Amino acid sequence: MIYLNDEEYVVCRKKQVEIFSFSGKPVPLVIKTIEWTPDQMEKGGYQHFMLKEIYEQGQAVSNTLENKIDHVQGIVNIPELAPHFEKLKQVSSISIVACGTARHAALVGKYYLEKFARVAADVDFGSEFRYRDPILNPKSWTLLISQSGETADTLAAQKESKLKGVPSLAICNVRESTLARESDVVIYTQAGPEIGVASTKAFTTQLVVLYLFAVQLGLLKGSLSEQQARELTSEVQKLPFLIENTLAMESKIEKLCTQLQKKNFFFFLGRDVNYPIALEGSLKLKEISYAHAEGYPAGEIKHGPIALIEKQVATLILSPQALSTEINPDPMSAVIYEKMMSNLQEIKSRGGMILSIGSGEDKKLQDQSDYYLGIPKTTWALNPILLTLPLQMIAYHIAVGRGTDVDKPRNLAKSVTVE
Ligand code: M6R
């Protein structure tokens with residue numbers, strides 16, 4: 001007997017599976033066909049599911065983009081949103097709620113929504129949202145992000161927003177999940193099954209959906225011109241190719257990790273849209289390698305954390321530059337880049353080891369750092385997606401080097417179904 005939720009349980013017999021309510025009544029079974037193939041559920045020659053899933057990201061992103069773009073017009077068009085266009089034109093604020101890695105996607109989503117759609121967005125932890133009696137008005141929407149669609153805290157947040165009469169939009173990877181069923185609108189990521197506990201391809205596909213949603217909303221609200229939306233659409237379509245190029249640095253990363261894994265504390269620093277990626281990099285590392293890691297907005301370190309810097313500490317500086325686009329002609333990259341450079345100096349002068357991740361062959365950053373990795377040069381909005389990949393691979397190789405159980409780290413479950 002297995003408890004399904006707090007109302008029903010499952011009885012598995014040799015030739016029969018039945019569901020009962022706690023009052024003993026049988027619950028009718030509905031048969032649904034899962035689209036995922038058996039091959040997707042196997043390791044396919046990789047040592048771990050996590051590594052396989054890291055390598056599946058180009059395909060997962062391409063599948064996620066597939067039906068959300070009008071390929072004739074060359075512009076974002078998300079069919080799931082079409083029946084809600086009139087309502088979405090009125091939206092004045094969006095509360096994004098999620099847990100763990102999905103919440104880091106939400107933080108990047110806030111930058112996208114505010115930049116492209118000029119709609120105010122706030123981000124909450126699933127476990128906090130309902131306790132602060134959130135102020136939601138008739139033009140607010142709640143956006144819930146979850147790979148599994150079964151995270152108890154995210155579901156509780158959705159319940160809260162329903163009680164307040166606010167429409168809910170879910171970004172989810174699992175069809176027929178509770179979140180998908182309970183939401184007014186669902187946009188699916190097409191990541192395929194994610195088996196490793198550490199979320200990888202679910203995260204990058206969530207970022208892609210958030211990007212597309214922000215562009216769609218920007219078009220509806222008139223804050224993006226068609227020309228700008230076309231440019232953003234064309235840039236995001238390059239992503240699968242850019243992902244493959246970025247993943248090609250794995251052997252370099254593997255070598256580098258033989259040095260990195262000797263450190264006992266890691267800082268991840270980023271600014272602006274890349275700051276949430278510092279949080280994600282540190283979460284990934286701590287959950288699978290058990291190393292102590294912290295992610296910070298780089299400007300915050302002098303307000304306390306810099307006290308921790310010494311020789312045993314490795315700091316990862318996320319400092320890509322951005323291509324200029326029509327919507328973002330000066331993505332502040334020059335100013336932010338210089339500020340990251342002075343953060344780097346502050347750490348260096350205190351004896352900390354530095355690994356920088358920048359764009360392409362960045363000589364200046366390379367010269368100032370102990371180690372350097374270059375991701376392909378891309379736009380402001382796509383940098384966070386590419387930056388994620390080396391951080392996933394760093395977490396993976398440090399964990400392998402430390403001999404931890406990468407796919408099933410201690411104390412963690414793939415889906416946290418209790419509050
Ligand atoms: O299924 P969900 O996306 O709702 O899960 C949320 C978190 O539990 C999840 O992202 C967790 O933080 C991952 N283990 C991170 O890799």
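How many bridges pair strand S12 with strand S14, and in which sense, parallel or antiparallel? In this predicted model, S12 (residues 265-270) and S14 (residues 313-318) are joined by five bridges in the parallel sense. Within this pair, Phe 268 faces Leu 316 of S14 across the ladder. That pairing is a convenient way into the second domain, and the rest of the sheet can be built up from there.

S12 and S14 belong to an open sheet of five strands, ordered S13-S12-S14-S16-S17, with parallel pairing. Strand S13 (292-297) and strand S17 (371-375) take the edge positions; each has a single partner strand, so one side of each lacks a neighbour in the sheet. On average, and with direction ignored, neighbouring strands here are turned by 15 degrees against each other. Two helices can be placed against this sheet. Helix H11 (residues 250-260) packs on it, with contacts to S12, S14, strand S16 (353-359) and S17, and the direction of H11 makes about 150 degrees with that of S17. Helix H15 lies across S12, S14, S16 and S17 and runs at about 135 degrees to S17. For anyone following the side chains along these strands, a general point helps: in a regular strand, side chains alternate between the two faces of the sheet.

Two residues give a closer view of this region. Gln 261 sits in the loop between H11 and S12. Is Gln 261 buried or partly exposed? With a relative accessible area of 23%, Gln 261 counts as partly exposed, because the buried class is reserved for values under 20%. Leaving aside residues up to four places away in sequence, Gln 261 touches His 397, Ile 398, Gly 401 and Arg 402. Gln 261 and Phe 213 are 48 residues apart along the chain, and their C-alpha atoms are separated by 38 Å. Thr 388, the second residue, is part of helix H15 (residues 383-402). Thr 388 has a relative accessibility of 1% and therefore counts as buried. Again without residues up to four places away in sequence, the contacts of Thr 388 are Phe 203, Thr 204 and Ile 277.

The next sheet to consider is built from strands that come earlier in the numbering. This open sheet also has five strands, in the order S8-S7-S9-S10-S11, and the pairing is parallel. Its edge strands are S8 (120-125) and S11 (185-188), each of which pairs on one side only. Neighbouring strands in this sheet are turned by 20 degrees against each other on average, direction ignored. Helix H4 (residues 100-117) packs on the sheet and touches strand S7 (93-98), S8 and S9; the angle between the directions of H4 and S8 is about 170 degrees. Further detail comes from strand S9 (residues 140-146) and strand S10 (residues 168-172), which pair in the parallel sense through five bridges. Opposite Thr 142 stands Ser 168 in S10. Helix H6 (residues 152-163) lies across S7, S9 and S10, at about 165 degrees to S9.

How do the parts of the protein meet? The protein is divided into domain 1 (48-237) and domain 2 (247-402). The C-alpha centres of these two domains lie 25 Å apart. Their contact draws 32 residues from domain 1 and 29 residues from domain 2. Together the domains bury about 2,800 Å² between them, and 70% of this area is on carbon and sulfur atoms. How many salt bridges are counted between domain 1 and domain 2? The count is zero.

Finally, the start of the chain holds a run of antiparallel strands. Strand S2 (residues 8-12) and strand S3 (residues 17-21) run antiparallel and are joined by five bridges. Cys 12 has Val 17 of S3 as its bridge partner, and a hairpin of four residues links S2 to S3. S3 also pairs with strand S4 (residues 26-27), in the antiparallel sense and over two bridges. In this second pairing, Phe 20 has Pro 26 of S4 as its bridge partner. The hairpin of S3 and S4 has four residues between the strands, and within this hairpin Gly 24 adopts a positive phi near 95 degrees.

Note on methods: Residues numbered from 1 in each chain as written. Predicted model: local features only at pLDDT ≥ 70, side-chain atom pairs only at ≥ 80, totals over all residues. Heavy atoms only, no water. Pairing = 2+ DSSP bridges. Axes fitted to C-alpha atoms, helices over the stretch in contact; angles between N-to-C directions. Contact = heavy atoms within 4.5 Å. Buried < 20%, exposed > 50% of the residue type's maximum accessible area, 1.4 Å probe, protein only. Domains from an automatic or database assignment. Buried area = accessible area lost by both parts, 1.4 Å probe. Salt bridge = Lys/Arg side-chain N within 4 Å of Asp/Glu carboxyl O.
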